[in-house]
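Thanks for making the time this morning. I would like to walk you through one model, going from its sheet to the helices and then to a few single residues.

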Amino acid sequence: MTVVGGGVTALLTAVECVLDGHRVTVVDRGCLPDGGAAPPGRHRILRALHPADPRATRAALRAHHRWVELEELFLTRFYERVGALTVLPPAAAADGAALVENAGGTARQLTAAGLSDRYPHLHLDRGLGAVLEEQAGVLLAGRVLAACAGWLKWQRNVELVEHRAVTAVDGGSGTVRLADGRDLHGDAVLVAVDPRSRNLLPEGVAERLTLYRQSLLHCRVPPHQARAWAATPAIASLGTAGGARLVPPVAGRGLKLTSAAARRVVDEITDHATDPYWQRTLEREFGDVLPGFGPAWVTAAEDAYYAAFAPAGGPPLVALGGAGYAYAACGGTSFEFAPLIARSLADRLAGSAPTGVGALDGPPPAGHAPRLAGLPAGGRA
């Protein structure tokens with residue numbers, strides 16, 4: 001089998017194929033893991049709750065358990081279980097806590113007064129409640145990718161082909177053509193498409209992939225608040241109109257702040273520098289949420305990129321003919337659900353029995369991009 005890509009979907013699919021006993025070649029235009037897919041300081045919030053979506057909530061719980069198993073397989077810690085908080089209107093918070101419990105997880109509903117007592121260093125809307133998942137937390141994305149690649153390098157049936165750009169894929173014959181003229185052959189091919197490899201998607205599909213640029217701030221919390229922040233969970237939603245969320249200081253890294261208000265559509269990946277306008281946008285939004293917050297907290301600002309299918313296309317699986325498939329990893333949800341996606345893709349490549357993950361169980365026609373049932377549409381979590 002040949003897997004094209006160095007991000008989490010590609011590497012975890014390769015891991016699953018190796019565990020199934022297959023010989024696997026992984027090829028990427030850069031080094032493995034792909035540093036551009038998740039720089040060392042990047043985080044991903046991992047939680048069960050997907051409000052009003054029972055199927056996604058159940059899938060998120062399965063992903064949580066698989067991430068724990070992968071830590072044991074790789075002998076690497078990359079899942080910091082600091083908890084996850086979702087701020088919601090009181091009625092929605094009650095429904096959300098029940099949703100997680102009904103799916104087999106654990107969650108606690110917090111009232112506005114409970115939020116204020118528990119997190120006095122946050123200034124949240126007094127009319128809102130929250131759902132607290134104490135067993136959830138934060139994935140250290142760069143450490144995940146390094147662990148995947150490190151494990152694969154020690155496997156006998158794995159070939160890692162680095163710094164080789166792919167120019168064409170023939171799913172019918174299982175051939176992958178490299179820019180240097182070399183051909184790789186396998187019984188099956190997976191192209192894990194990211195924003196920089198959209199040209200490998202079939203015509204008519206790549207055009208529907210929208211590229212987003214997102215600004216975020218890295219911050220140092222005041223020393224007198226250090227203990228409070230050490231007990232703060234990852235907050236997937238702060239309940240603001242702009243869609244603010246934060247990752248607390250974990251694993252020696254600082255506070256990370258971002259918001260949907262600092263997201264915009266772009267045509268291409270350029271630099272990662274944050275324009276002062278977007279930095280000020282984030283500073284204004286978090287100034288209303290974090291008492292005493294200001295530019296002095298900010299140690300660095302950066303821009304990241306992700307892709308999503310719009311409108312409401314969801315992350316697609318695309319048939320390339322024969323045993324060839326392309327999967328377009330879209331936003332943070334693809335990282336959150338990556339273990340489930342990888343398992344399903346490995347089953348698809350092997351032509352095994354139905355996977356139980358919606359669209360993967362029926363062979364999509366070439367160029368068709370069905371949504372993976374049970375997973376939320378593309379976007380960052």
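I will begin with the sheet and the helices that pack on it, and then turn to individual positions.

Please keep in mind throughout that what you have on the screen is a predicted model. The sheet I want to start from is an open one with 6 strands, in the order 9-2-1-13-20-19, and the pairing within it is mixed. Its edges are strand 9, residues 158-161, and strand 19, residues 317-321, each of which pairs on one side only. If we ignore direction, neighbouring strands of this sheet are turned by 15° against each other on average.

Within that order, let me pick out strand 13, residues 189-193, and strand 20, residues 324-328, which run parallel and are joined by 5 bridges. In strand 20, the residue that stands opposite Ala 192 is Tyr 327, and I will come back to that tyrosine in a moment.

Which helices pack on this sheet? One of them is helix 1, residues 8-19, which touches strand 1, strand 2, strand 9, strand 13 and strand 20, and whose direction makes about 170° with that of strand 2. Helix 9, residues 338-350, also packs on the sheet, where it touches strand 13, strand 19 and strand 20, and its direction makes about 165° with that of strand 20.

Helix 1 has a helix partner as well, and here I should recall that two packed helices are described by the angle between their axes and the distance between the axes. The axes of helix 1 and helix 5, residues 141-153, come within 10 Å and cross at roughly 35°, and the crossing is left-handed. The residues making this contact include Leu 11, Leu 12, Val 15 and Val 18 on the side of helix 1, and Val 144, Leu 145, Cys 148 and Trp 151 on the side of helix 5.

Now back to the tyrosine. The side chain of Tyr 327 makes a polar contact, at 3.5 Å, with the side chain of Ser 334. That serine sits in helix 8, residues 331-336, and it counts as buried because its relative accessible area is 3%, where the limit is under 20%.

The same cut-off applies to two cysteines: Cys 17 is buried at 0% relative accessibility, and Cys 219 is buried at 3%. As for disulfides, the count comes to 0.

Another buried position is Gly 96, with a relative accessible area of 4%, which lies in helix 3, residues 90-102. Once its neighbours within four places in sequence are left aside, Gly 96 is in contact with Leu 49 and Val 131. Between Gly 96 and Ala 107 there are 8.5 Å in space, C-alpha to C-alpha, and they are 11 residues apart in sequence.

Finally, some backbone details that you may want to look at. The peptide bond from Leu 32 to Pro 33 is cis, with omega near 5°, and Pro 33 is located in the loop between strand 2 and strand 3.

Where do we find Ala 52, which has a positive phi of about 65° although it is not a glycine? Ala 52 belongs to the loop between strand 3 and helix 2, and it is exposed, at 79% relative accessible area. His 163, with phi near 55°, likewise has a positive value without being a glycine; it is in the loop between strand 9 and strand 10, and it is exposed at 52%.

Technical notes. Residues numbered from 1 in each chain as written. Predicted model: local features only at pLDDT ≥ 70, side-chain atom pairs only at ≥ 80, totals over all residues. Heavy atoms only, no water. Helix = DSSP H or I, 4+ residues; strand = E, 2+ residues; numbered from the N terminus. Buried < 20%, exposed > 50% of the residue type's maximum accessible area, 1.4 Å probe, protein only. Polar contact = N/O pair within 3.5 Å; in protein donor to acceptor, adjacent residues only side chain to side chain. Disulfide = S-S within 2.5 Å. Pairing = 2+ DSSP bridges. Axes fitted to C-alpha atoms, helices over the stretch in contact; angles between N-to-C directions. Contact = heavy atoms within 4.5 Å. Left-handed = near helix turned anticlockwise from the far one by under 90°.
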